[in-house]
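Please examine the sheets and helices of the model shown below. The report that follows takes them in turn, beginning with one strand pair.

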Amino acid sequence: MTERTIPYKTYLTEEEMPKQWYNVRADMKNKPAPLADPATGNPLPAEALEPVFCKELIAQELDNDTRYFDIPKEVLDFYKMYRPSPLIRAYYLEKLLDTPAHIYYKYEGGNTSGSHKLNSAIAQAYYAKKQGLKGVTTETGAGQWGTALSMACSYFGLDCDVYMVKVSYEQKPFRREVMNTYGAAVTPSPSMKTNVGKAILEEHPGTTGSLGCAISEAVEVAVSSEGYRYVLGSVLNQVLLHQSIIGLEAKAALDKLGEKADIIIGCAGGGSNLGGLITPFAAEKLREENDYQIIAVEPASCPSLTRGKFAYDFCDTGKVCPLAKMYTLGSGFIPSPNHAGGLRYHGMSPVVSQLYHDGIIEATSVEQTAVFDAAVKFARVEGILPAPESSHAIKVAIDEALKCKETGEEKVILFGLTGTGYFDMYAYEAFNNGTMTDYIPTDEDLEIGFASLPKFE
């Protein structure tokens, strides 16, 4: 085991916590393509988005030039209840692997929501309250986003209407009870409460749902309810902006320790955690100030980056949202009901997609039995039961550390531990009982999703 000259946990002080969010688009030579009108493919102006999103969030969504945004005082005050979050040196994982690598993880599970999602939820709830809205609607996959948003809405006195992917609603009853405790209304999606939900159920009877389905329902309710807007926990530019506090804190903590990351790893579903962690590092790579190996890790069952197409696509299954140019499996792709949780989304953040397309980051996919094997190894030595989503990053961090063992290189590896897995015990039970299986879609399976891509291009 490496001599312990660096503390297990490194915290920034409250004064050192970032006071601004970072917008990586300001440093990108190739900007992400704008949201587009499904009928024409033309960029959507701000006023076209106002029935769906809060006004100030639209401004953040469309701003490609402002490098830093001040974090509102009300949001900073809330952050201070659980931030700065710790940067942890994984000494015991290093010992288990017998690797010369220095492994660090940025732990975002130390708040009641159990994940990084609260970083953006509180910001979006603040802007909704500032606009004078009654409430917001949203979707949630594994439940972390819905939990975080229910907390944020409770704090600001807003209604919160959550459409939860049906398979997660059934697998995680206690996650939905946390949302109920904070006053949210939770509906399994697809449902019979919306027109789009009814249509999806008619076309796919017995479907276990997807994030794309839940998004469609939440948007329909928002645009048809006076005083409500839709908020999203991932994918959008504004969400990656808010989540940048993760990477800003991680980088500041590493600087404080005199360490420089060589490899940065994050799980990839919609892109919020990944984008939040990597963008301050990607900025230095874009400006040619430093070089990093940045790895996005996605489930083999829903491989949007590694097997998807870079194209304009609907963000939702019901095709009621604007188009985003991203790596996608097609809005018609319905992922298998596995335990990848919040990573079961057909597309990827336009920012992350563009960074991947331009070679700033790389991507890999992993199978879920290997992911849970890594999760159990980590839990047994580091004392935290990780979320299935986070465990995708753990799996690749272990792989990279073992490569260092083979070569003798003392690389610094940083990965994002997005949250805890204490509401994911059905998944851990399946792994521990040996009943968990792997699913990888065939090329024929993917072609069904690709057939749903818009044809105007």
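## The seven-stranded sheet

Strand β5 (residues 102-107) runs parallel to strand β15 (residues 412-417), and 6 bridges join the two; strands here are DSSP E runs of at least two residues and helices are H or I runs of at least four, numbered from the N terminus, and two strands count as paired if DSSP finds at least two bridges between them. Within this pair, His102 stands opposite Val412 in β15. The model is predicted, so local features need pLDDT of at least 70 and side-chain atom pairs count only at pLDDT 80 or more, while totals for chains, interfaces and linings use all residues. Residues are numbered from 1 along each chain as its sequence is written, and side-chain values use heavy atoms, with hydrogens and water left out.

Both strands belong to an open sheet of 7 strands with mixed pairing, in the order β1-β4-β5-β15-β10-β11-β14. Its edge strands are β1 (9-10) and β14 (362-366), each of which pairs on one side only.

## The four-stranded sheet and its helices

A further open sheet, with parallel pairing, has 4 strands in the order β8-β7-β6-β9. The edges are held by β8 (185-189) and β9 (228-230), each with a single partner strand, so one side of each has no neighbour in the sheet. From one strand to the next the twist averages 20 degrees, where axes are lines fitted to C-alpha atoms (for helices over the stretch in contact) and angles between N-to-C directions run from 0 to 180 degrees.

Helix α8 (residues 173-181) packs on this sheet and touches β6 (135-140), β7 and β8, contact meaning heavy atoms within 4.5 Å; the direction of α8 makes about 170 degrees with that of β7. Helix α10 (residues 211-223) lies across β6, β7, β8 and β9 and runs at about 165 degrees to β6. Strand β7 (residues 159-165) is joined to β8 by 5 bridges, the two running parallel, and Tyr163 stands opposite Thr187 in β8.

## Helix α12

All 15 of the 15 residues of α12 are buried (under 20% relative accessible area, with a 1.4 Å probe and protein chains only), so the helix is largely enclosed by the rest of the structure. A kink of about 50 degrees lies at Thr279, shortly before the proline Pro280, the bend being the angle between axes fitted to the seven residues ending there and the seven starting there. Just after α12, Glu288 takes a positive phi of about 60 degrees.

Terms used: Buried < 20%, exposed > 50% of the residue type's maximum accessible area, 1.4 Å probe, protein only.
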